[in-house]
Every structure is written in structure tokens, then in C-alpha cells.
Amino acid sequence: MRKKLFLLVVLAVVAGVTVPAMMAAAQENVTLTVTVVNNPDQRRLLQLSDSFQAAHPNIKLSFVMLPENELRDRVTTDITTKAGSFDIVQIGTYETPIFGKNGWLAAIDDLMAQYPDNVQPNYNVDDLIKGIRLGLSYDGKLYAAPFYGESSMLFYNKKMFAAAGLKMPSDPTWDQVREFARKLHKPAKKQYGIALRGLPGWGEVMAPLDTVINTWGGKWFDENWQPQLTSQEFTDAVSFYVKLIQDYGVPGAANNGFSESLTMLAQGQAAMWVDATVAAGFLEDPKQSKVVGNVGFVMAPYEKVKKGYHWLWSWAYAIPTTSQHQAEALQFLTWCTSKDYIDLVGKTYGWATVPPGTRYSTYKNDNYIKAAKAFADVTLKSIESADPTDATRDKVPYTGVQFVGIPEFQGFGTDVSKQISAAIAGTKSVEQALSESQDIVTRAMTDAGYIK
Amino acid sequence: MSDMRNVRSAHPWMLRPAIIYLIVLTQAPVLLTLYYSTTNWNFLRPDRPARFVGLQNYLDFFLARDTGRIMLNTLVFSVAVVGLSLVFGMCLALLLSREFRGRNFARTLMITPFLIMPTVSAVMWKNMLFNPAFGLISSTLAALGGPRIDWINQYSMASIVVIVTWEWTPFMMLILLSGLQSLQKDHLEAAQIDGAGPLATFRSVILPHLSRYIEIGVLLETLFVLNIFGEIFTTTTGGPANYTTTLTFNIYLEAFKRWNVGRASAYAVFAVIFANVITLLFLRVMRRQGGNGVAP
């Protein structure tokens, strides 16, 4: 009997202590689940997030880090089914307007007005580079805050150019690039003319290829959504790209994406490369690159039309409407996309490694200009002059430089990219690949009700 | 005896939760998939709510331009992998069933490919062996004056067949090896006394004895190989064009690239039927051949 009484007392004491404590915890402490792409910038964010948690002890962060393609699958599934597992998702310029339109994301402007206390001090939305901001907006509202922004540019190995007595103009054309590639292509010496993406995927081979199609005057659709993949311009552009890779590209290009191409240039095996401006920082990083100081940076090549010849992309953070902790999510989102965060990265890891391309203030910062003087100008100029709303010679019903801003593009973009890869690998002719692509796109657009 | 009766009377009530749990867990997804396969639900089109479309998704599948190619890919892939791993597995099993020094060590080594995660071995093959710039095969060929071949892109299906065969040969070998070990020595001795050479012994003693084991191995491996996804995803993502897109991989593309849940469900239902048909065919062929072999 006495034993039982004792037990009861112990139980009561334990309950009296823990229950209120647990209730208090439930009121204050919040865990945010954040999805991030696996890349060097995001890995730095993970390391620096301790200082955010120190400043906001009530907010705990739990990160889900995945490679780009898997991240896209996970986030899209979660958001479209309204599963609500994530409080902050990392998405790009392609997804943001589509998700925003469907009402799946909380508008950042509205949240900032609703919870002014949860915004990082001096956030200054007007400091965000205009093109990047517009790319992340739908109907005049900002649906995601940019973490970094990029365009595309041309990188070249200065030593190889000097050795061959060649000079790269500041605004090259694709014809000039082909001529350079021809002269610098020496496979016997393990030196290849040009590295270009050939890996299937709408965000892989299609990104640089779409800029080539734009500048050749081609387009995916006419104003009535009729696919134009077999038009003269489209065919010429794809033939040029495929032939350039086959003649003077690196071996196995049909399987090369951003990282493989980066390696080829960083190891001093490729003379030129057209890809994301963000690569400039990696090529100038002695830990990753053997060609530091030897790389030249110029605008991406153009050809017939000076439009849409360099892309616009940004990885940004957004808050799904299903999140239960939107105020706290806003706190973290405005911290990691703020000027303060950029300063923190600069001080901790060196100024060349700060996430580029989001804020005008980065390009006015003397520290950054000093560390990135070789490429800062070209990067900013490329980003500022890329216009997703006017990237093609003819009028088109879609936006986007290196993608078509409709939900169906993920599907048919992937299918078409695989046809292109086959053409690059030489198992199919360009005409054959494009005629099948035209069929694929026509079917997808008919299914989706754009055309009858 | 009375104990048994007590246990039995308790059965229905005790089992019911478990049975309901099992039904919910295994049958509900099947029923849902069947239901979804009759709708046009697309994740990315909330503006166009899912509606009933009958058998349209199934019809679309049969009318699609690449369906024939995908079916052919699936058949070529599974027949090649199962056939090759059966041949190699048999050779290895025959070797390993002999007594020699270090046999256990050799056997452990032989099993290793099967224990490596599929995606890991695929990435390993793709980058360390098949890569045309710095892969082992191309470097060796180039050193001997040969061409640098882009295996994964130019011989995409063959490359994947090689990778998956490499992974699954140990599985076949293990099953056949256990069969060989249950073969009684005196049968072999009797064959020897009758003056049968190695080939004749293999054909009329070992093979008939192994027929059951071969059947099981082929059946299990076919079922697994039909579902191969990781190796394709990490090496070719179904390309170039659709040269390595199998039924399974096509379901992934439909669901997670085109976000068309209705059609993806229909493909999944079809894939289940297809897998059943294939295995039945396999078994029938094997039975007939096995029957001929054993018949006196």
C-alpha cells in the first residue's frame, strides 16, 4: 500500500514538472523543414545556419539536401498533393510562377506585410536585381526570394588562346567560336575545342541549346501553341550545336552536364565552355581548379538574333501555403537571402564564394569586386540583359529564355532532350530526332488542351 | 489436443487485426491504382480537376508511338540479362562446386557484386569503366591504339545489360551452386563408370538435376530484373532517345516528369499484367524443355 502511494506521488511530481514544460515548448519552439539543392553554396548555408539558430533559439532547422533532379521530384510531389512536409522549399525560376499561379506558394510581399517583425532588418526588396525578381514573380507578386542568380557566359583558356595566337572578342559569335574550336581541338594532346552539355534533361542539354535556338531565330511554339521544332531555324540551330560537339567537343559529351564540363575546363583539357555564370567562382577557386588566373570571361555567343542568347536562372526559397509556421519560415527565408548573409559568407569563406547574382549591393561591394573582378562585370551585365519575357525573334505565347514556362515543359522538355542526346551520340540524325520531337510535343500539347 | 483447440478458437479474433492491416496495406494501393488509371489526374494541372476517362489511358498507351519500342526494350533487356547471367552463373557454379584451395574466399568474392547497392555499381561502371575520356576500358583501348568509344551512348542497351548481368550473375550462381551441392556423388561416379565424358555427364546428369533450380532462379530473377530502375536512372535515364526506356522506367517518367498520375497508373497496371505473362511464358518454355531432358 505504501509502495503504491509512493509511486503515485512520484508520478504526480513528474507529471507536474514535465507537462507544463512540454506545453511551453509547444508554444514557442518551432522546427522548420527546409529542402535544399546539393551544391557548394547550399553546403555553406548549412554550416552558417548555426548563427541563425543562435539568434533565434526558438526556431530549429532541419534540412533535406538532395541533388537537383530528386529535389524537383520530391518538392513537386509534396506541394501538388498538399502533403505539407516542408516549410521552406528551394525552387527555381521555372517552377516559381507556375506554383504561384496555382496558389501553392505564399506571396512573400503579403507575408512581409503580415509579419513585419519576422523580416530580417534592412532586407530591402528593391536591392534584388530586377530581372531575377521578375522571374520569381507572378502577377506582380514575389513568390520566392532569390538565393543566387545566374546567366550564361563563355569561359576560355587564355593560355591555349595565346599559344595559338588567337584573340577572343568580348562579344563573340557562334561562328567565331566554331572557328576557335577547330583550331584548338587537338584530341591527341588531350585538348578539346569546346565543352558543352549533352546530358539529357530539360535543365541540362536543353538550357544552352535553347539559347542557341533563340539566337538562330527559332522558337518552341508559334502564337497558337503549334510546335515549331521542325522549322528551318530550329533545325539549323540544333544541327549547329550537335555538329559543333561532334566535331570539336569533348569525348562522351552526350553524358556531360554542368559538373563534367566544369571538370574538363578546370583540368585544362577544354579550350572553351559556354555555361552558367556561377561556374566563374569555381574556376577561380584554387581548391577546385588548375587554371586559376588563366580563364577569360566574355558574354555568351550570339548568332543571327541578339536575343535570348544567354539564359536567366535563379535558385530561390519559397514558403508553401501548407506550412504551419509561415511567420518563422519568413524569418529564415529573409535571413538567408539578405545582404547580411552575403556579408557573413564573404567574411567566413572569402568574397569570391558569396552567392552571386541576386543583389545590386553585391556588385557595389568593394570586397567582392576585388575578389571577383575578372568576372563580376560580365556576370552582372549578362544577368541584367537577360529578358525572359522577350527572348525570341518572333512573338511567342510563353516566357523563359532556356525553358518554356508551362507545366508541361518538364515532361516534353525531358523527352526532347533525350532525342537530342541521341543525335549527339550519333545514333540518330538531327532531322529524325526533331521530327520525333515534334510528334512528342504535339501529343503533349494536345493532351493538355493547348491545341486540338 | 485441448490446447490446440483453445488456440484455434482464438484464431479469428486474434488474426483479424493483422488481416485487416495486411489488406489495407497491400490491397488498398492496388485498388487506388486501378481507380486512378481511369482518370486524367495531372499533378500540375489543378485548374483541370481529375475526371473519369474510362479506358482512355490504356488506349493511349497502345496507340503511343514509342510503346512498341518500350516493350521491345523491356523484352530484350530481361531476356538478355536473365540468359547471360544463367550461362555465366552456371559456369561459375560448376567451377566453384569443385574442391580447390581458397574456395570459400573465391566464393565470397564472386558474391560481392550482388551485395553492392545497384546505383553504386551503376555509377562505378559508368564513370570508372565506361567513360570515354578517363574510363578504364577506353584508356586501355586507347593505349593499344584503339578508338575511344562512348559505350553508354553508342551501345546504351548493351552497356546496361552488361552492368545488370554483372550484378545478377552471383544470384544465379548461388542458386545453381546449392543445387550442385545437393547432387549425390554416386550419380556422377555411376556416369563415369558408364564411360560418360564431361559434356555427356553435364547434359544427362547435372542438367536434369538442376532443372528445378534453374526454374526457380530464372523465375525470381525475371521478376526482379523487370523492375530494374536504379541502373537505368543513373546511367542513361532511359536515353539516348528511348533506347533504354523500359516499362518500369516509363512509369517513372510518366509520373514524375509528366506528372500524369492517371496514365502512370494505367502503365503500372499494364506492367503487372505484362510481368505475369512473361513469367508464365518463361516457365512454360522451361517446363517443356526440362520435360524433354528428363524423359527416358
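In this predicted model, the contact between the two chains draws on 23 residues from chain B and 22 residues from chain A. On the side of chain B that touches chain A, the largest share, three residues, is supplied by helix 7 (residues 151-154) of chain B. Sorted by class, this side of chain B holds ten nonpolar residues, along with seven polar and six charged ones.

Turning to the interior of chain A, the domain assignment divides the chain into domain 1 (21-150 + 313-371) and domain 2 (152-310 + 388-447). The centres of these two domains of chain A, taken over C-alpha atoms, are 29 Å apart. Where the domains meet, eleven residues of domain 1 of chain A are in contact with twelve residues of domain 2 of chain A. Helix 4 (95-101) and strand 6 of chain A each contribute at least two residues to the domain 1 side. That side of domain 1 is made up of six nonpolar, three polar and two charged residues.

Strand 6 of chain A also takes part in an open sheet of three strands, which has the order 3-11-6 and antiparallel pairing. Strand 3 (89-92) and strand 6 (145-150) of chain A each have a single partner strand and stand at the edges, so one side of each lacks a neighbour in the sheet. From one strand to the next, the twist averages 20°. A closer look at one of these pairings is worthwhile. Strand 6 of chain A pairs with strand 11 (residues 313-318) of chain A in the antiparallel sense, over five bridges. Here Ala145(A) is found opposite Tyr317(A) of strand 11.

Notes: Residues numbered from 1 in each chain as written. Chains lettered and ligands numbered in written order. Predicted model: local features only at pLDDT ≥ 70, side-chain atom pairs only at ≥ 80, totals over all residues. Contact = placed C-beta atoms within 7 Å. Helix = DSSP H or I, 4+ residues; strand = E, 2+ residues; numbered from the N terminus. Nonpolar A, V, L, I, M, F, W, Y, C, P; charged D, E, K, R; others polar. Pairing = 2+ DSSP bridges. Axes fitted to C-alpha atoms, helices over the stretch in contact; angles between N-to-C directions. Domains from an automatic or database assignment.
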